[in-house]
Amino acid sequence: VSCGHNEAGKKSETPKAVASSYIIGPQDLIEIMVWREPELSRQVMVRPDGKISLPLIDDIEAEGLTTLGLKSVLTERLKQIIDDPEVTVTLLESRSKKFYIIGNVTRPGTYPLIPGMTILQALSVAGGLGQWADEDSIRIIRISDGKEELFKFDYGETIKGKRLEQNILLMPNDTIVVP
């Protein structure tokens, strides 16, 4: 997969970089396994305040950490209670990373953002373009550092194999507008 560029010429992240640096957010479902400690092992959903709760160690800030970062925090906290804890943290379901698609598509709405998802893939998830969609005027609105960025996407050109650089990777909270 080649990297895309936005209108300002900035290079977008590769899918591998996005996938390996997933940041836990509210509503994400994670599994915590503590070897030989079944009462401490469980599936938990990150609360809206970004925390999770576990027996004996109470609330832990999970938002903003990777799974490895959360594993490290949990291991340190558990060391106060049990000897040499072996902790595994697995993301079961990403619920905090979403994108929005509105306008002339089969199923407009809010969808989970899968790391490495492109605009074409997002359009596919939404059932494709509607019959009267203006396929050369699709726009992606992204809020970055408090400012809106606008990306143009010409569906017809892209599916012909032209201007593939416009098929950028989506970021959390991107909105695809299909007139």
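Two strands pair if DSSP finds at least two bridges between them. Keep that in mind as you click through this predicted model.

**Stop 1: the three-stranded sheet**

Start by selecting Leu29, then look across to strand S2, where Met45 stands opposite. Stay on the same two strands and pick Glu31: the residue facing it in S2 is Gln43. Now colour the whole of S1 (29-34) and S2 (residues 42-45). Four bridges join them, and the two strands run antiparallel.

Next, add S5 (87-93) to the selection. S1 pairs with S5 over six bridges, again in the antiparallel sense. For a landmark on that side, take Ile32, whose bridge partner in S5 is Val89.

With those three strands shown, you have an open sheet in the order S2-S1-S5, with antiparallel pairing. S2 and S5 each have a single partner strand and stand at the edges, so each has one side with no neighbour in the sheet. Look along the sheet and you'll see the twist: neighbouring strands are turned by 25° against each other on average, direction ignored.

**Stop 2: the helix lying across it**

Select residues 67-78, which make up helix H2. Its 12 residues reach 16 Å from the first C-alpha to the last, close to the 16 Å expected at 1.5 Å a residue. H2 lies across S1 and S5, running at about 140° to S5.

Which residues of H2 are buried? Show side chains for Leu70, Leu74, Thr75 and Leu78, and you have them. They cover an arc of only 135° around the axis, which puts them on the same side of H2. To see what covers these buried residues, turn on strands S1, S3 (51-54), S4 (58-61) and S5, which are among the parts that do so.

**Stop 3: the hairpin and its ring pair**

Move on to S6 (residues 98-103) and S7 (residues 109-112). These two form a hairpin with five residues between them. They run antiparallel and are joined by four bridges. Click on Ile101 and look across to S7: Gly109 stands opposite.

While you're here, show the aromatic rings. How many aromatic pairs does a search of the whole structure find? Just one. It is formed by Phe99 and Tyr111, and it counts as stacked, with 5.7 Å centre to centre and 25° between the planes. Phe99 lies in S6 and Tyr111 in S7, so the pair ties together parts that are 12 residues apart in sequence. Try a surface view too: Phe99 is buried, and so is Tyr111.

**Stop 4: the five-stranded sheet**

Go back to Ile101 and look towards S10 this time, where its bridge partner is Ile176. S10 covers residues 175-178, and four bridges join S6 to it, with the two strands running parallel.

Keep Ile176 selected and find Ile140, for which Ile176 is the bridge partner in S10. Ile140 takes you into S8 (residues 138-144), which is joined to S10 by three bridges and runs antiparallel to it.

Now zoom out. What is the strand order of this open sheet of five strands? Reading across, it goes S7-S6-S10-S8-S9, with mixed pairing. The edge strands are S7 and S9 (147-153), each of which pairs on one side only. From one strand to the next, the twist averages 25°.

Terms used: Residues are numbered from 1 along each chain as its sequence is written. This is a predicted model: local features need pLDDT of at least 70, side-chain atom pairs count only at pLDDT 80 or more; totals for chains, interfaces and linings use all residues. Side-chain values use heavy atoms; hydrogens and water are left out. The expected span of a helix is 1.5 Å times one less than its number of residues. Buried means under 20% relative accessible area, exposed over 50%, partly exposed in between (1.4 Å probe, protein chains only). The arc is that of the directions from the helix axis to the C-beta atoms. Contact means heavy atoms within 4.5 Å. Axes are lines fitted to C-alpha atoms, for helices over the stretch in contact, and angles run from 0 to 180 degrees between N-to-C directions. Rings of Phe, Tyr and Trp (its six-membered ring) pair if their centres lie within 6.5 Å; planes under 30 degrees apart count as stacked, over 60 as edge-to-face and the rest as tilted.
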